[in-house]
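Reader: Please take me through this model, beginning with its confidence and then its helices and cysteines.

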Amino acid sequence: MKSSTDSVRFFCSVGGNLPGTLDAFRLLHARLEDIFHDLVCSMLYVARPQDEINQPDFFNWVFSATTMLSPNGLHEFCLKMEHELGRVKSYPKGPRLIDIDILLYGDFVIQSCALTIPHPRMKQRAFVLVPLSEIAPDIHDPQTKKMFTDYVCEVEDQGIYPTGFYPYNA
């Protein structure tokens, strides 16, 4: 997809905690490089599960790229990638091979049945805020205009730590 004046920068978080997750991350990264321009990826982080705690720790990362897809088109792409990479929906907040969430789509604020942007829980999740701040330290919340790096200081310790690896070489 070619960059143009109609391109929008978006940010997504990716997570997973089942055997095969790192393989899925590498495959996703290769697909992203083929489809999007200006791809930027954070390193991988490990974080404790937040809601359903009786499961393995999660690997998490954030990526950003530019697209000419609409927000709904990007959402469909994310769901398609999850399916193609082997995600099987279990129970809410349960273990998963891969999960891709749209965090931001330019400065758009979207509220629909299928899609909420900015992601409604991103400001409470260190496993999103830390890698987001790594790749885009100057980005702000389109609703409050507050810097996302400021939110990092406000979240409780969630047991997140960097691995030193990136999704393409983990």
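The questions and answers below follow that order.

Reader: Which element has the highest confidence in the protein chain?

Author: This is a predicted model, in which local features need pLDDT of at least 70, side-chain atom pairs count only at pLDDT 80 or more, and totals for chains, interfaces and linings use all residues. Residues are numbered from 1 along each chain as its sequence is written, and side-chain values use heavy atoms, without hydrogens and water. The chain has a mean pLDDT (the predictor's confidence in each residue, from 0 to 100) of 93, with 97% of its residues at 70 or more. Confidence is lowest in H4, at a mean of 93, and highest, at 98, in E1.

Reader: How many residues of helix H3 are buried?

Author: Helices here are DSSP runs (H or I, at least four residues), as are strands (E, at least two), numbered from the N terminus. Buried means under 20% relative accessible area, exposed over 50%, and partly exposed in between (1.4 Å probe, protein chains only). Among the buried residues of H3 are Phe-127, Leu-129 and Ile-135, and their cover includes strand E1 and helix H4. Of the 10 residues in H3 (126-135), the number buried is 8.

Reader: How many disulfides are found in the whole structure?

Author: A disulfide is a pair of cysteine sulfur atoms within 2.5 Å. The search of the whole structure gives 0.

Reader: Which cysteine sulfur is nearest to that of Cys-41?

Author: Cys-41 counts as buried, at 13% relative accessibility, whereas Cys-153 is exposed at 68%. Cys-41 is in no disulfide, and the nearest cysteine sulfur, 11 Å away, is that of Cys-12.

Key:
Contact means heavy atoms within 4.5 Å.
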